[in-house]
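Me: Could you teach me how to read pockets, cavities and helix packing from a set of coordinates, going through one case step by step?

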Amino acid sequence: MAKNSYTAADITKFAKEENVRFLRLMFTDILGTIKNVEVPVSQLEKVLSNEMMFDGSSIEGFVRINESDMYLYPDLNTWMIFPWESEHGKVARLICDVYNPDGTPFAGDPRGNLKRALKDMEEAGFSSFNLGPEPEFFLFKLDQDVNPTLEVNDKGGYFDLAPTDLGENCRREIVLELENLGFDVEASHHEVAVGQHEIDFKYSNVLEACDNIQTFKLVVKTIARKHGLHATFMAKPVFGINGSGMHCNMSLFKGNENVFYDPSGEMELSNTAYQFLAGLIKHARNYTAIMNPTVNSYKRLVPGYEAPVYVAWAGRNRSPLIRVPASRGLSTRLELRSVDPTANPYLALAVLLQCGLDGIKNNLVAPKPVENNIYVMTAEERKAAGITDLPSTLHNAVKYLQEDEVVVNALGEHITTNFIEAKRLEWGSYAQAVSQWELEQYLEQY
């Protein structure tokens with residue numbers, strides 16, 4: 001997706017020429033939910049002057065009611081006109097950063113927090129951090145009341161075609177709409193599980209990539225609804241089949257040079273790549289709560305369904321947490337396989353970047369790669385190889401998060417405090433709920 005460079009005059013001109021009637025000012029809360037304030041185009045001058053105010057006390061994890069006034073500062077380069085028609089005229093969007101009334105960046109804004117991490121990266125001597133995400137999702141049928149069901153509309157498997165893959169037409173329209181919006185879509189296919197799909201788009205700098213993830217989710221859900229389907233990015237909606245991941249392919253650059261690549265290095269990886277990798281390995285258990293932020297996320301992180309469970313890395317082997325894909329040169333990258341699409345991309349990548357930079361700053365040494373199938377190794381064999389487990393529940397993952405100074409600093413005090421509070425409430429609600437499994441196991445027996 002080519003990076004745009006727009007001025008306020010450009011946007012005023014575009015809005016008039018394209019007969020835009022409404023502006024959707026988008027931002028993301030701490031839990032990764034897309035929020036927006038929609039205003040008529042008559043307010044465009046006010047928007048472009050950073051004068052658009054909203055009530056921050058109504059947004060999850062933002063501020064208390066006595067601190068409610070906040071401002072939206074649009075990133076002009078995110079100007080985009082949505083391709084689907086509105087009966088009241090065209091709708092355009094601008095992704096915004098959140099600011100305090102005194103003109104300072106709001107510490108609880110996930111996008112602004114990622115920008116803070118990027119400044120640390122630049123101070124460390126690097127110019128850009130690139131991300132190629134691979135978000136997966138399920139398509140389910142709607143019932144007669146237009147509520148989502150767990151009934152899939154296909155019986156397809158990995159790379160299957162219609163008529164087995166009945167989601168193909170929906171997926172094809174999603175791809176066309178993404179391309180209309182400027183996405184460079186590289187691949188689109190049915191995933192392993194029935195009803196599961198993946199659309200891959202080209203890597204870009206991490207801020208743009210995270211914006212793209214949020215836009216991607218909005219497009220997928222909108223087009224699915226047009227086809228009478230519900231798209232969900234829930235990590236594990238159905239028992240007994242694969243869950244949805246969002247593998248993150250990461251690379252670090254100095255100018256036009258990929259600093260992860262060294263043709264004379266072992267596996268053609270540079271010392272910087274190994275140090276960054278070592279940082280990701282060292283902090284893996286501590287950042288899992290951010291990469292897998294829901295109770296349901298941990299139903300995916302179990303053996304047998306291709307999701308990583310163990311902290312290790314490899315080249316071709318797909319059972320460890322981190323893989324190094326075969327491409328080299330500018331495409332040299334590290335693939336973190338644990339992330340699922342419920343993660344807030346801005347928080348996830350700020351944390352991963354800071355953990356990788358910690359590895360570089362402190363000259364951390366990566367463990368040896370594990371090319372054997374870890375799933376078939378015994379506990380004793382894993383222990384001998386220095387392989388540890390990822391947290392098995394959200395409750396444990398949050399406890400690990402609090403213990404890691406690098407992860408906490410990557411989030412900042414405001415986001416850390418509010419994220420932990422929200423996740424404790426989520427876990428408490430889950431722990432008190434009586435599940436169908438418990439009723440089936442215990443109601444008659446006792």
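**Pockets, cavities and helix pairs**

Reply: Let us begin with the open spaces, where the largest pocket has a volume of about 760 Å³, bearing in mind that this is a predicted model. Among the 41 residues of its lining, Glu 134, Glu 198, His 247, Asn 249 and Glu 335 are the closest to the centre of the pocket.

Me: Which strands each supply at least two residues of the lining of the largest pocket?

Reply: Strands E7 (128-142), E9 (185-190), E10 (196-201) and E13 (246-254) each do so, and E7 gives the most, with six residues. Sorted by class, the lining of this pocket has 13 nonpolar, 14 polar and 14 charged residues.

Me: How many cavities of 30 Å³ or more are there, and what lines the second largest cavity?

Reply: The count comes to two cavities of 30 Å³ or more. The second largest cavity, with a volume of about 40 Å³, is lined by Met 26, Phe 27, Thr 28, Ile 34, Ile 95, Gln 214 and Tyr 346. Strand E1 (residues 20-28) provides the largest share of that lining, three residues, and by class the lining divides into five nonpolar, two polar and no charged residues.

Me: How should I read a pair of packed helices?

Reply: In general, two packed helices are described by the angle between their axes and by the distance between those axes. Here the axes of H3 (residues 110-123) and H5 (residues 206-226) come within 10 Å and cross at roughly 160°; angles over 145 degrees count as roughly antiparallel, and H3 and H5 are therefore roughly antiparallel to each other. H3 passes H5 in a right-handed crossing, with Arg 111, Leu 114, Lys 115 and Leu 118 of H3 in contact with Val 206, Leu 207, Cys 210 and Asp 211 of H5. By class, this contact of H3 with H5 has five nonpolar, no polar and three charged residues.

Me: At what angle do the axes of H5 and H9 cross, and which residues make the contact?

Reply: The axes of H5 and H9 (residues 345-361) come within 9 Å and cross at roughly 150°, so H5 and H9 are roughly antiparallel to each other, and their crossing is right-handed. From H5 the contact takes Val 206, Leu 207, Cys 210, Asp 211, Ile 213 and Gln 214, and from H9 it takes Pro 345, Tyr 346 and Leu 349. By class, the contact of H5 with H9 has seven nonpolar residues, one polar and one charged.

Note on methods: Residues are numbered from 1 along each chain as its sequence is written. This is a predicted model: local features need pLDDT of at least 70, side-chain atom pairs count only at pLDDT 80 or more; totals for chains, interfaces and linings use all residues. Side-chain values use heavy atoms; hydrogens and water are left out. Axes are lines fitted to C-alpha atoms, for helices over the stretch in contact, and angles run from 0 to 180 degrees between N-to-C directions. Helices (H or I, at least four residues) and strands (E, at least two) are DSSP runs, numbered from the N terminus. Angles under 35 degrees count as roughly parallel, over 145 as roughly antiparallel, 65 to 115 as roughly perpendicular and the rest as oblique. A crossing is left-handed if the near helix is turned anticlockwise from the far one by less than a right angle, and right-handed if clockwise. Contact means heavy atoms within 4.5 Å. Ala, Val, Leu, Ile, Met, Phe, Trp, Tyr, Cys and Pro count as nonpolar, Asp, Glu, Lys and Arg as charged, and the others, Gly among them, as polar. On a 1 Å grid over the protein atoms alone, a cavity is a set of points where a 1.4 Å probe fits but cannot get out, and a pocket is an open set with protein on both sides within 12 Å along at least five of seven lines; lining residues have an atom within 4 Å of a point. Grid points are joined across faces, edges and corners, and a volume is the space filled by probe spheres set on the points.
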